[in-house]
Amino acid sequence: MAQTPTPTPVPGPAAASMPIVPTAPTLAASSYLLVDATSGEVLIEHNADEALPPASLTKMMTSYIASLEILRGQIKEEDMVLVSEKAWRKGGSKMFIEVGTQVRVIDLLRGIIIQSGNDASIALAEHIAGSEEAFADLMNAHAQRLGMTQTNFENSTGWPAEGHVSSARDLAILAKAIIRDDPKHYGIYKEKEFLWQGIKQPNRNLMLWRDSTVDGLKTGHTEEAGYCLVASAKRDDMRLISVVMGTSSEASRAAETQKLLTWGFRFFETRTFYETGEVLSQARVWAGQQDAVDVGLSEGLVLTLPKGQLDKLEASIAMNSRIKAPIATGDVLGQVEVRDGDEVVHSAPLVALNDVEQAGIFGRLWDNIRLFFYGLFD
């Protein structure tokens, strides 16, 4: 959903019950986006598909890949990583690991997420892929898998490099994947500080101190990229993800992020009507080895709308009039419609949740006779 226009006043008592959403805030940033993490509804966007230097927001992909490798059992949190000279010499923000020493994977992961350590990023990239260059190939493969169409990574840190770019929309996609795919390691993003070798460094995400509902994600800054921040907050059952790129200062990126989150939570709400794979009904099956099939939604049904509008909605199921075997899981057998009065505001295909094999010849013959008399035979 693009920026919301100022509503037209409606006279009379009906006006009091209508959702009122003021104009979306305009931010002092080159690109920004606010999206509901569950429904995927975009509430605000500006230049969201522009390919821009992401600076240390890059490290979200580095930490994401590392957490996936842990989940797959390819590496372990307690594995020791040898620090190369390349990792040790890298400038910019540091975890302050020493060349030739060995550091645990989990400590490097904290060094990447909390301290934004370039040295930690390179060390972990080399441990996973053998070299930072090979790790960049892995990053791009995951970006493609996730549908990040405006992204190309040249390194694991976000160090300025020609062709190293991403977009606000792509970074929101990545943030959602981090939150969804590994809730355990996502918890590191809300840790406010990390002590390593006697050096205590604070998390650069100022939102962790300003808004108790914010639990991640990552900051970034280079001269070319400006000050950037990807943040996520959860209030009640609603989670929003904001991306702000190209602001003028640390304070500015936090203030602009707060504008997005405040507006989104204050004027919108999210409701889950049906879960993915939930059995909503059973459909009558003709000429099958079973006479019924479970039906539901392959992707669930979650809507984000202005506050007050969801209470007016009603969901209904419309099944196809004649359903014959064979049926494969995922076959479309009807439709779910969400209505506001007579207006359909959302629809989704109703699919089979299991297979139904075709009946034998006598079963098919008998059902075809019955269909003929019901006027459904073709």
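Here are some worked exercises on the predicted model shown above.

## Exercise 1: Getting an overview

Task: Find how many helices and strands the chain has, and what share of its residues is buried.

Solution:
- Step 1. Begin with the secondary structure, which comes to ten helices and 16 strands.
- Step 2. Turn to burial: of the 378 residues in the chain, 48% are buried.
- Step 3. Look at the surface, where the chain exposes about 17600 Å², with 51% of that supplied by carbon and sulfur atoms.
- Step 4. Finish with the contacts. Among those between residues at least 6 apart in sequence, 63% join residues at least 24 apart.

## Exercise 2: Two salt bridges in helix H9

Task: Work out which residues Arg 253 and Glu 256 pair with, and how far apart the partners are along the helix.

Solution:
- Step 1. Recall the general idea: side chains of opposite charge can pair when their charged atoms come close.
- Step 2. Take Arg 253. Its salt-bridge partner is Glu 250, and the closest N and O atoms are 3.9 Å apart. The cut-off for a salt bridge is 4 Å, so this pair qualifies.
- Step 3. Place the pair in the chain. Arg 253 and Glu 250 sit three residues apart in helix H9 (residues 250-267), so about one helical turn separates them.
- Step 4. Check burial. Arg 253 has a relative accessible area of 4% and is buried, whereas Glu 250 is partly exposed at 38%.
- Step 5. Repeat for Glu 256, which forms a salt bridge with Lys 259; here the closest N and O atoms are 3.1 Å apart. These two residues are also three apart in helix H9, with about one helical turn between them.
- Step 6. Compare accessibility: Glu 256 counts as buried at 5%, while Lys 259 counts as partly exposed at 39%.

## Exercise 3: A salt bridge between distant parts of the chain

Task: Locate the partner of Arg 271 and say where each residue of the pair lies.

Solution:
- Step 1. Find the partner: Arg 271 forms a salt bridge with Asp 311, with the closest N and O atoms 2.9 Å apart.
- Step 2. Locate both ends. Arg 271 is in strand S10 (residues 268-274), and Asp 311 is in the loop between strand S13 (301-306) and strand S14 (313-319). The two are 40 residues apart, so the pair links distant parts of the chain.
- Step 3. Add their exposure: Arg 271 is partly exposed at 30% relative accessibility, and Asp 311 is exposed at 59%.
- Step 4. Set this pair in context. The count of salt bridges comes to 18, and Glu 45, Asp 49 and Arg 169 are linked in a network of them.

## Exercise 4: Thr 272 and its surroundings

Task: Describe what lies around Thr 272 in strand S10.

Solution:
- Step 1. Judge its exposure: at 38% relative accessibility, Thr 272 counts as partly exposed.
- Step 2. Set aside the neighbours within four places in sequence; Thr 272 is then in contact with Leu 301 and Val 302.
- Step 3. Look further along the chain. Ser 39 is 233 residues from Thr 272 in sequence, but their C-alpha atoms are 8.4 Å apart in space.

## Exercise 5: A five-stranded sheet

Task: Give the strand order of the open sheet that contains S12 and S16, and name its edges.

Solution:
- Step 1. Read the order, S11-S12-S16-S15-S14, with antiparallel pairing.
- Step 2. Name the edges: strand S11 (281-284) and S14 each pair on one side only.
- Step 3. Note the twist, which averages 35° from one strand to the next.
- Step 4. Zoom in on one pair. Strand S12 (residues 292-296) and strand S16 (residues 343-352) run antiparallel and are joined by two bridges. Gly 296 stands opposite Val 351 in S16.

## Exercise 6: Helix H4

Task: Is helix H4 largely enclosed or largely open, and does its span agree with or differ from the expected one?

Solution:
- Step 1. Check the span. Helix H4 (residues 118-129) has twelve residues, which should span 16 Å at 1.5 Å a residue; its end C-alpha atoms are 16 Å apart, so the two agree.
- Step 2. Weigh burial: ten of the twelve residues are buried, so H4 is largely enclosed by the rest of the structure. Among them are Asn 118, Ile 122, Leu 124 and Ile 128.
- Step 3. Identify the cover, which includes helix H1 (59-71), strand S3 (80-82) and helix H5 (132-146).
- Step 4. Step past the end of H4, where Gly 130 takes a positive phi of about 95°.

Notes:
Residues numbered from 1 in each chain as written. Predicted model: local features only at pLDDT ≥ 70, side-chain atom pairs only at ≥ 80, totals over all residues. Heavy atoms only, no water. Salt bridge = Lys/Arg side-chain N within 4 Å of Asp/Glu carboxyl O. Helix = DSSP H or I, 4+ residues; strand = E, 2+ residues; numbered from the N terminus. Buried < 20%, exposed > 50% of the residue type's maximum accessible area, 1.4 Å probe, protein only. Pairing = 2+ DSSP bridges. Axes fitted to C-alpha atoms, helices over the stretch in contact; angles between N-to-C directions. Contact = heavy atoms within 4.5 Å. Expected span 1.5 Å × (residues − 1). Areas by Shrake-Rupley, 256 points an atom, 1.4 Å probe, with all protein chains shown as cover.
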